[in-house]
Amino acid sequence: MTGYYDEVLDEIRALLAEGKAEEALYLIRKEEEMPYLPADFEQQLKRLKKEAVFLKADQKEERIRPLSQILGMLKGSSESQLAAASQISDYNLRECTEELREYLQKDPQPEASALIIDALAAQEINEEFTLLRDGLEYTFWADAVTPVMKSEGFLEALKILEECAGRNPAIHEMARSVLVHEAYLALPVSYIKEEAEYLAMDALKEVSSLMDEGRTYREAARARNYAEPDKIS
């Protein structure tokens with residue numbers, strides 16, 4: 001395994017050692033959503049998941065928050081909003097569409113709003129919402145939005161990244177993180193398959209320029225005969 005996967009496992013083990021079962025399970029779920037996991041990493045992840053589940057069951061403190069508390073957290077700091085949004089998919093969102101509609105209209109924390117839109121899409125909520133972000137409004141029907149992990153453009157971009165940087169695990173994992181972040185922040189817009197190459201190469205360029213002075217990106221661009229699209233200023 002690479003340093004990235006070792007770091008993830010160490011972080012999960014540290015959380016379990018501190019008794020933070022819910023936080024450990026959150027990290028595990030995040031990794032499980034990825035389309036590709038090395039076999040050894042996946043095996044250890046399953047083992048740690050069992051430990052986390054047993055630990056959570058043994059803890060006396062009730063860790064499942066009522067939905068009203070989660071919605072209240074969305075009115076707090078950026079950290080509070082993100083913590084609430086990371087758990088929102090565990091609830092039936094049809095019970096709180098008005099609260100979420102109001103939240104999205106108030107220029108919410110970007111990553112938190114992305115997770116909420118993704119959860120609304122995954123639950124196929126047949127209602128209209130408006131997102132205010134950076135002064136712009138985006139109106140959408142939640143059931144018409146494609147969740148990130150089902151987006152053809154995103155999944156194809158992941159494959160391209162694997163082809164271009166799979167032999168350089170550090171760059172590959174960091175570029176994948178950039179791609180995941182960008183895909184979520186694009187919501188409610190979803191990427192189509194024709195956009196995959198640009199998405200993958202753009203993420204690779206950003207990371208490669210920082211880590212090896214752009215060498216990996218240039219090699220991949222030559223191998224794919226890739227030409228950057230013209231930027232519109």
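This dialogue covers helix packing, enclosed and open spaces, and backbone geometry in a predicted model.

Colleague: How is the packing of two helices to be described, and at what angle do H1 and H2 pack?

Modeller: Two packed helices are characterised by the angle between their axes together with the distance separating those axes. In this predicted model, helix H1 (residues 3-17) packs against helix H2 (residues 21-32) at about 155°, and their axes are 7 Å apart. Angles over 145 degrees count as roughly antiparallel, so H1 is roughly antiparallel to H2. The crossing of H1 and H2 is left-handed.

Colleague: Which residues make the contact of H1 with H2?

Modeller: From H1 the contact draws on Tyr4, Val8, Glu11, Ile12, Leu15 and Leu16, and from H2 on Ala21, Glu23, Ala24, Leu27, Ile28 and Glu31. By class, this contact has nine nonpolar and three charged residues, with no polar ones.

Colleague: Is the crossing of H8 and H9 left-handed or right-handed, and what is the angle between them?

Modeller: H8 passes H9 in a right-handed crossing. Helix H8 (residues 152-165) and H9 pack at an angle of about 165°, with axes 10 Å apart. This angle makes H8 roughly antiparallel to H9. On the H8 side the contact is made by Phe154, Ala157, Leu158, Leu161, Glu162 and Ala165; H9 supplies Pro169, Ile171, His172, Ala175, Arg176, Leu179, Val180 and Ala183. The contact of H8 with H9 divides into 11 nonpolar, one polar and two charged residues.

Colleague: How do H6 and H7 pack?

Modeller: Helix H6 (residues 97-104) and helix H7 (residues 110-122) meet at an angle of about 145°, their axes being 11 Å apart. Their crossing is left-handed. Leu100, Tyr103 and Leu104 of H6 touch Ala112, Ser113, Ile116, Ile117 and Leu120 of H7. Seven of the residues in this contact are nonpolar, one is polar and none is charged.

Colleague: How does one locate empty space in such a model, and how many cavities of 30 Å³ or more are counted?

Modeller: A probe the size of a water molecule, rolled over the atoms, reveals where space is left empty. Here the count is one cavity of 30 Å³ or more. The largest cavity holds about 40 Å³ of space. Its lining consists of Thr146, Val148, Ser151, Phe154, Ala183, Leu187, Val189, Ser190 and Tyr191. Six residues of that lining are nonpolar and three are polar, with no charged ones. Phe154 and Ala183 of this lining also take part in the contact of H8 with H9.

Colleague: What is the volume of the largest pocket, and which element gives the most to its lining?

Modeller: The volume of the largest pocket is about 990 Å³. Its lining comprises 31 residues, and Tyr26, Lys30, Glu33, Leu115 and Tyr184 lie nearest the centre. The elements that give two or more residues are H1, H2, helix H5 (78-87), H7 and helix H9 (169-186). H7 gives the most, with six residues. By class, the pocket lining has 16 nonpolar, five polar and 10 charged residues.

Colleague: Which peptide bond is cis, and where is the residue with a positive phi?

Modeller: Negative phi prevails among most residues other than glycine, and most peptide bonds are trans. In this model, the peptide bond from leucine 187 to proline 188 is cis, with omega near 15°. Proline 188 lies in the loop between H9 and helix H10 (196-211), and Leu187 is one of the residues lining the largest cavity. Aspartate 107, although not a glycine, has a positive phi of about 50°. Aspartate 107 is found in the loop between H6 and H7.

Terms used: Residues are numbered from 1 along each chain as its sequence is written. This is a predicted model: local features need pLDDT of at least 70, side-chain atom pairs count only at pLDDT 80 or more; totals for chains, interfaces and linings use all residues. Side-chain values use heavy atoms; hydrogens and water are left out. On a 1 Å grid over the protein atoms alone, a cavity is a set of points where a 1.4 Å probe fits but cannot get out, and a pocket is an open set with protein on both sides within 12 Å along at least five of seven lines; lining residues have an atom within 4 Å of a point. Grid points are joined across faces, edges and corners, and a volume is the space filled by probe spheres set on the points. Ala, Val, Leu, Ile, Met, Phe, Trp, Tyr, Cys and Pro count as nonpolar, Asp, Glu, Lys and Arg as charged, and the others, Gly among them, as polar. Axes are lines fitted to C-alpha atoms, for helices over the stretch in contact, and angles run from 0 to 180 degrees between N-to-C directions. Helices (H or I, at least four residues) and strands (E, at least two) are DSSP runs, numbered from the N terminus. A crossing is left-handed if the near helix is turned anticlockwise from the far one by less than a right angle, and right-handed if clockwise. Contact means heavy atoms within 4.5 Å. Angles under 35 degrees count as roughly parallel, over 145 as roughly antiparallel, 65 to 115 as roughly perpendicular and the rest as oblique.
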